[in-house]
Amino acid sequence: MSDTRGEPGILYLRFRKVGGGLPDSAGYAGLLALLGAFTPVVEGAPPDGALADVRGALRYFGQDVKGLASVIRIRALALHGVDCAIGAAENPMLARMAARQAAPGTTFVVPAGGGAEFLAAKPAAALDGVGAATARTLCGYGLDSVGRIAAAPLGTLQRITGVRTGRELWERARGIDRTTVVSNAAARSIAAERSFPRDELDRERQRRALMSLAEELGARMRGDGQVCRALAVSVRYADRTGYSTLTRSRTLREPTAHSAALTALAYRIHDSFGLQRARVRGLGLRAEGLTDREKTAHQLSFDPVDERARRIEAVADRLRARFGPRAVMPGRLAS
């Protein structure tokens, strides 16, 4: 039996069908079930990823982390026709970043205690949670790599980015991630839909319906203290046989309940359908991979416009809670 002491025990898996493309919803559910045969601690990151805490499985199966990852990959390929790129590390942040470096059919392992070394040479923007605005600010102070961020005094980072953001940035640059794998997150979703009284060809009316759906789901998630990891858009449209429904999903850049981010992704998915002349009868929006807001890492922001929008959104939520859901709405929906 292999000695698994000191082995990194968090896996992040990226799924791709053999020949290209993402698994469909049924195939994705099957892949999560496959992971569940190795560990009960599985967190979905739809539509194409998953986290798994396999620390207990390593000893049970008598494998090191690369060996166990190979067994999972072989089963995914044989049973679902899906290949996996796998990152292995001691926490979810490092596992996600390792998976980005893993080619399909391989496992990239960040050894236990090796997080800071793995991160050091990466540019500041590569660090989980650092957006473009924050990266530009850090680079302006000469902190253009994760290693230089890690070497900077905590107080300096807090003066540049704020107390809380500076602390999180300082920890992440050292490979510290306080989030955990949340079991069964992918099974949680919420959805809403809008039907048109007649077949609708007007793209602007369709986009207004999507904005309304994103506003509704965002408010519901914020009220429940949740964020989602992905969005799925469904379009019901007229064809020669009557009506058909198409659904596509994409992963958000970070888990969020921010209505503007939800709306922007919903628009991109809607555009991908190419519905220039389609007669649309209804639209649906589903927020997937719901999890508690406090248990997820959020992108560090130094963008005053974004921060202002989020503060306004919080005030609007309080007004809706007091005076009803239509008390405050975007001007585009009120007209």
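## Briefing: a charged strand, a covered helix and the salt bridges

Arg250 lies in strand E8. This residue belongs to a positive surface patch, together with Arg248, Arg253 and Arg268. The model is predicted. The protein has 335 residues, and 49% of them count as buried. Its secondary structure comes to 13 helices and 10 strands.

**Overall build**

- The accessible surface of the protein is about 16,600 Å². Carbon and sulfur atoms account for 51% of that surface.
- Contacts across the sequence are frequently long-range: among those between residues at least 6 apart, 69% join residues at least 24 apart.

**The positive patch**

- Four arginines form the patch: Arg248, Arg250, Arg253 and Arg268.
- Strand E8 covers residues 242–256 and supplies the largest share of the patch, three residues.
- Arg253 is placed in strand E8. Its relative accessibility is 74%, so Arg253 counts as exposed.
- Arg250 has a relative accessible area of 37%. That value makes Arg250 partly exposed, because the exposed class begins over 50% and the buried class lies under 20%.

**Surroundings of Arg250**

- Beyond its neighbours within four places in sequence, Arg250 is in contact with Pro47, Ala230, Leu231, Leu265, Arg268, Ile269 and Ser272.
- One of these contacts, Arg268, is also a member of the positive patch.
- Arg250 and Ala266 are 16 residues apart in sequence. Their C-alpha atoms are 8.9 Å apart in space.

**Helix H4**

- Helix H4 spans residues 92–101 and is mostly covered, with eight of its 10 residues buried.
- The buried residues of H4 are Pro92, Met93, Leu94, Ala95, Arg96, Met97, Ala98 and Ala99.
- These buried residues pack against four strands and two helices. The strands are E1 (10–17), E3 (49–53), E4 (82–89) and E5 (107–109). The helices are H5 (115–120) and H9 (163–173).

**Salt bridges**

- Side chains of opposite charge can pair when their charged atoms come close.
- The count for this model comes to 15 salt bridges.
- Asp53 forms a salt bridge with Arg55, with the closest N and O atoms 2.5 Å apart. Asp53 is buried, at a relative accessible area of 12%. Arg55 is exposed, at 53%.
- Glu216 forms a salt bridge with Arg194, with the closest N and O atoms 2.8 Å apart. This pair links distant parts of the chain, 22 residues apart: Glu216 sits in helix H10 (residues 203–223) and Arg194 in strand E6 (residues 189–200). Glu216 is partly exposed at 28% relative accessibility. Arg194 is partly exposed too, with a relative accessible area of 25%.
- Arg207 and Asp271 meet through their side chains in a salt bridge, at 3.3 Å from N to O. Here too the pair links distant parts of the chain: Arg207 is in helix H10 and Asp271 in helix H11 (residues 259–272), 64 residues apart. Arg207 counts as buried at 13% relative accessibility. Asp271 is partly exposed, with a relative accessible area of 39%.
- Arg194, Glu216 and Arg220 are joined into one network by salt bridges that share partners.

Conventions:
Residues numbered from 1 in each chain as written. Predicted model: local features only at pLDDT ≥ 70, side-chain atom pairs only at ≥ 80, totals over all residues. Heavy atoms only, no water. Patch = residues over 30% accessible without salt bridge, like charges linked within 9 Å, V, L, I, M, F, W, Y side chains within 5 Å. Areas by Shrake-Rupley, 256 points an atom, 1.4 Å probe, with all protein chains shown as cover. Lys, Arg positive; Asp, Glu negative; His and termini not counted. Charge placed at Lys NZ, Arg CZ, Asp CG, Glu CD. Buried < 20%, exposed > 50% of the residue type's maximum accessible area, 1.4 Å probe, protein only. Contact = heavy atoms within 4.5 Å.
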